[in-house]
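Open the structure in your viewer and keep the sequence panel visible. The stops below each begin with a selection and then say what is there.

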Amino acid sequence: MPQKNYDLHALLYELKQASSEGMTDAQDLSRLTALALGHLGCGTASEAYEMLYADWKALPRGTVMSGMRAGQVLSILPMLRFDQPLGDGARQEELLSEAREYGPADERWQANIMTMASMSGLQQLENPGDMEAALARIERARATLPPGSPERDALDISHAGLRAHLAQLGGGEDDFDSAVEDLARLADAPMLDAGQRLAMAGQLAVFRSHQAVRREDEAGLATQIRRLETVIAQLSPHHMDRLGMEANLDVARSNLTILRARRTGNHEPTAEDMAPSSSVHEVRRQISALPRTAQADKLGEVGTIRVGRALFARDFEAAVAGLELLEDAMDRLEPDDERWIRNASALGTGHAALAALGLAPQTRRADHLDQGISWLRHAMRLAKGPEHPLWGSMGISLARAYRLRGDTHVLNAVVRRLNRDASRHVGLDAVRAAAWSVLLQSGTAHAAETARRAGEHATEVARWCLADGAHDDAVRALDAGRGLVLHAATVAETVPDLLTALGQSSLADEWRAAGTLVPELGEEAALTGQPAASGPPSRLRRRVLQALAASPQRRRLLDAPTTGEIGKALLSIGATALVYLVPGEELERTPAGALLGRRNSPGAALIVLADGTTRTIELRQLVVEAAPLVQYRAAFAGGRDAGGPPAADTPPPVPAKETRAELDELCEWAGKVAMRELLEALPRGYGRAPSVVMVPMAELGAVPWHAARVAALDRARPYACQQAGISYMPSARLLCEVAGRPAPGSREALVVGNPTRDLHDAGVEAEAVHRTFYPDGEFLGPGQASPAAVTDWLARQRGGVLHLACHGAVQQGERHSSYLELSGGRLAAEQLTEGAARYRQLDLVVLAACRTNVSGHGYDEAYSLATAFLVAGARSVLGSLWPVPDEATSLLMYMTHHFMRRDGLSPGQALRTAQSWMLDDQRQAPAGMPANLVAKVPLIKSADLAAWAGFTHLGW
């Protein structure tokens with residue numbers, strides 16, 4: 001059949017005229033595609049593209065005609081992609097190069113071509129490299145246009161849209177957030193008409209609802225739901241964006257229900273919460289009007305959301321209808337299409353959940369479970385590894401499905417064992433992937449948001465391992481979900497050396513240049529996607545991770561240390577054991593657990609000894625729902641603190657007497673449910689108390705385990721810290737890192753006291769510590785102890801002791817989650833971990849302030865001022881768990897330095913000895929203690945736990 005003659009000038013004119021008539025209804029997209037295909041005389045987009053490309057290739061190259069024709073083909077390409085995916089980035093780059101070099105030099109023409117080419121990137125998911133290339137092209141074109149011009153605004157919108165798309169494809173939350181801010185800035189651009197502004201407002205509400213869910217911001221999510229409802233109400237019933245916005249409104253409402261349930265404990269959704277915005281019939285009708293590739297997008301998007309909502313509402317029929325939408329989407333996709341992985345993941349998770357939740361009829365549950373496992377396995381094979389943003393969530397879903405299948409085969413021991421083995425292995429791979437996702441993020445806040453569920457998943461997998469007797473696997477699982485922000489900060493420091501060793505010197509230099517603190521950014525800098533956070537942006541991080549993934553250093557990036565490596569670290573610091581405290585889980589309360597008659601999973605102490613062997617102790621009452629722990633977490637006592645408790649919704653302070661009673665109850669509970677058995681199980685050398693490094697998981701991190709009452713062991717020494725040396729670490733990863741730091745050859749000192757002029761006892765304490773123990777050291781008092789003065793000293797010390805007696809604060813969800821109040825400013829934890837500076841040979845940091853070992857990013861992240869100083873280079877840190885009383889703290893800190901300097905004890909031993917001194921009502925002031933502190937000695941009551949138990953030791 002002879003090829004039809006066509007006129008691209010005429011076609012582009014017709015397309016422009018058709019677009020000017022309005023692009024709002026779904027049929028408009030099909031109309032444009034049909035117009036292009038009809039004019040070209042082709043049946044499919046692929047056929048049309050092949051013809052256009054071949055005809056262009058037949059032209060003489062390097063001519064105005066060749067450049068013009070290349071631009072015309074690029075302008076038509078988005079309309080063709082509505083019909084089907086058209087890959088081959090090399091062809092598109094070839095066309096762009098020809099258009100840029102030989103097409104019309106007119107800036108507007110060039111900008112329009114670049115805008116149309118970038119639209120193709122938004123239409124079709126591509127690999128991150130293709131997306132980066134598209135962004136670079138837009139940035140070059142944008143530089144040629146004047147600010148405020150319509151063409152430049154169009155390119156900025158395309159650039160922001162592509163960055164958001166890249167972030168969703170590759171997992172970089174800073175890319176996403178900065179792109180959303182750019183879109184918000186451009187929402188009222190003069191080039192947009194009223195309809196486009198309305199659509200932009202809806203898209204922004206969708207994006208901001210995603211941000212609110214990630215941040216667990218219930219109020220913010222409710223606001224975005226109202227905005228999205230307002231936009232949808234103004235859209236015509238056939239608007240091309242309406243279906244997607246309605247689907248996102250549905251998922252936002254579901255997420256709001258989930259957030260409210262977490263806060264209130266009421267997990268029952270209302271009919272209004274779960275009712276879909278449109279019927280399945282109406283959804284299919286609207287989708288049928290779209291071109292084929294757009295149909296696949298909408299079927300996948302709506303199907304995924306419908307399945308999730310139906311599972312939450314426990315509606316089997318609605319879930320099946322959602323799965324059918326997903327299957328229809330799959331029929332329109334090729335297996336090498338990125339969307340295939342996403343839809344297969346949703347299909348697998350949905351089928352497995354129908355079995356796990358008992359929604360499917362009894363006779364069909366095994367089939368649904370098998371289908372779920374099959375889909376998830378196939379999707380994971382295509383995703384290839386943790387660099388895919390869905391790898392971790394798919395892995396957890398698949399691991400749960402294997403576990404469920406193993407549990408259902410009660411009578412077949414072989415099938416049961418094989419599925420349980422698979423659940424552990426896949427689960428371990430899934431929790432390891434969390435490290436990759438966190439390493440990708442720029443800034444502590446984004447990293448912590450990404451890691452939010454890592455600890456929960458790690459604990460879940462570890463419980464399986466403990467149940468199966470796979471103790472080494474349990475250790476790897478637990479540590480894989482712990483302190484990931486701290487791990488990322490530690491790894492970031494070594495990246496340049498790792499890259500240089502691989503021959504990637506230029507990439508190493510780029511990392512170094514980006515590894516410094518950056519100020520808030522304006523419009524021009526924002527275009528690059530760099531957030532107002534610190535350190536290398538995720539777009540650079542992605543390239544670095546891809547380079548390191550193929551190197552022998554991949555294990556350092558993702559793997560937790562082995563029990564043998566942990567044992568060596570324990571020997572280095574003179575510790576007996578590392579102990580993970582794993583809370584139990586009440587499975588009978590979950591639908592799947594109740595359905596299968598599964599018993600509760602007991603709590604446990606998982607012990608790694610210094611010889612690398614492991615032991616476990618079953619602790620049945622160790623659960624985070626225990627009344628003493630719940631009541632303690634709701635209480636708050638005043639002390640050396642200028643701010644309030646870390647959570648915004650914490651009730652007002654209660655009287656100190658009541659708070660101390662809650663602390664007493666907690667410590668009694670801690671001894672009863674865990675510490676008595678643990679201390680009895682630890683090996684003891686002759687005449688030597690054991691030394692334990694504690695890693696408490698989840699909310700168990702709030703407990704002062706060293707203050708647990710263990711009177712049954714020795715009534716003369718009723719507290720755990722009198723029976724053993726007890727230190728804390730965020731993870732075995734950080735333990736191994738810190739254990740490798742050599743002791744400094746000298747000991748310099750900086751003492752900071754009362755920098756804000758409102759802590760009298762802190763000033764007295766600091767002056768006494770400086771004068772008595774470090775007379776040759778430096779002292780900074782009110783008006784002198786600025787953040788810059790402290791960091792300047794840190795940079796020049798060579799074996800330093802830093803004592804900070806000041807205010808400390810924790811603020812959840814803030815840019816600076818924890819900080820010290822100094823003279824004229826704050827020293828934040830993020831400043832210690834995000835920048836490139838590390839303080840070599842820093843021996844000891846004493847944080848004589850409030851809540852300096854409390855995390856503003858969740859217990860399993862354990863990200864605090866104390867742990868930030870460990871990452872920054874310290875070998876030992878003393879930090880506090882609550883707002884400590886000023887008077888008692890002054891004595892405790894003085895005595896800690898006394899036992900270090902006069903008796904030569906290590907920081908951990910010195911703190912423990914000082915706490916024992918505080919517990920003795922017959923205590924005596926040592927020679928040399930200043931008179932103003934001596935006067936306080938008889939005032940301290942040993943029964944007052946708040947006076948001494950708040951301080952913890954980390955490190956050597």
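Select strand S2 and strand S3 (residues 614–619) in this predicted model. The two strands run antiparallel and are joined by 6 bridges. To check the register, pick Gly 603, whose bridge partner in S3 is Leu 619. Then move to the hairpin of S2 and S3, where 4 residues lie between the strands. Gly 612 in this hairpin has a positive phi near 85 degrees.

Add strand S1 (residues 577–582), which is antiparallel to S2 and joined to S2 by 6 bridges. Here Ala 577 stands opposite Leu 609 of S2. Strands in a sheet pair through backbone hydrogen bonds, in either a parallel or an antiparallel sense.

Stay on S2 (residues 603–609) and colour by accessibility. How many of its 7 residues are buried? The count is 7 of 7. Both faces are covered. On one side the buried residues are Gly 603, Ala 605, Ile 607 and Leu 609, and on the other they are Ala 604, Leu 606 and Val 608.

**Second sheet**

Select S9, S10 and S11. They form an open sheet of 3 strands in the order S9-S10-S11, with antiparallel pairing. Strand S9 (807–810) and strand S11 (825–828) are at the edges; each has a single partner strand, so one side of each lacks a neighbour in the sheet. From one strand to the next, the twist averages 30 degrees.

Zoom in on strand S10 (residues 818–822), which pairs with S11 over 4 bridges in the antiparallel sense. Leu 820 has Leu 827 in S11 as its bridge partner. Now show helix H36 (residues 787–796), which lies across S10 and S11 and runs at about 40 degrees to S11.

**Aromatic pairs**

Display the rings next. The structure has 6 aromatic pairs. Start with Tyr 53 and Trp 56: their ring centres are 5.8 Å apart and their planes are at 45 degrees, so this pair is tilted. An edge-to-face label would need planes over 60 degrees apart, and a stacked label planes under 30. Tyr 53 and Trp 56 are 3 residues apart in helix H3 (residues 45–57), a separation of about one helical turn. An α-helix has 3.6 residues a turn, so residues three or four places apart point the same way. Tyr 53 is buried at a relative accessible area of 11%, and Trp 56 is buried at 0%.

Jump to Tyr 719 and Trp 948, an edge-to-face pair with 5.2 Å centre to centre and 70 degrees between the planes. Which parts of the chain does this pair tie together? Tyr 719 sits in the loop between strand S4 (691–696) and helix H33 (720–723), while Trp 948 sits in the loop between helix H41 (931–934) and strand S14 (951–955), so the pair links parts that are 229 residues apart in sequence. Both Tyr 719 and Trp 948 are buried.

Two arginines are also worth selecting with their rings. Arg 91 lies over the face of Tyr 53, at 4.2 Å from the ring centre. Arg 875 lies over the face of Trp 956, at 4.0 Å from the ring centre.

**Helices**

Select helix H17 (residues 338–356). From its first C-alpha to its last, this helix of 19 residues reaches 27 Å, close to the 27 Å expected at 1.5 Å a residue. Is H17 enclosed or open to the outside? Of its 19 residues, 17 are buried, so H17 is largely enclosed by the rest of the structure. Gly 358, which follows H17, has a positive phi near 70 degrees.

In helix H4 (residues 64–81), pick Gln 72. Gln 72 is buried, with a relative accessible area of 6%. Beyond residues up to four places away in sequence, Gln 72 touches Leu 8, His 9 and Leu 12.

**Positive phi outside glycine**

Finish with two loop residues. Glu 216 is in the loop between helix H10 (194–214) and helix H11 (218–234). Its phi is positive, about 55 degrees, although Glu 216 is not a glycine. Glu 216 is partly exposed, with a relative accessible area of 30%.

Arg 851 is in the loop between strand S12 (844–848) and helix H38 (865–872). The phi of Arg 851, a residue other than glycine, is positive and near 55 degrees. Arg 851 is buried, with a relative accessible area of 3%.

Methods
Residues numbered from 1 in each chain as written. Predicted model: local features only at pLDDT ≥ 70, side-chain atom pairs only at ≥ 80, totals over all residues. Heavy atoms only, no water. Buried < 20%, exposed > 50% of the residue type's maximum accessible area, 1.4 Å probe, protein only. Contact = heavy atoms within 4.5 Å. Expected span 1.5 Å × (residues − 1). Pairing = 2+ DSSP bridges. Axes fitted to C-alpha atoms, helices over the stretch in contact; angles between N-to-C directions. Phe/Tyr/Trp six-rings, centres within 6.5 Å; stacked < 30°, edge-to-face > 60°. Lys NZ or Arg CZ within 6 Å of the ring centre and 35° of its normal.
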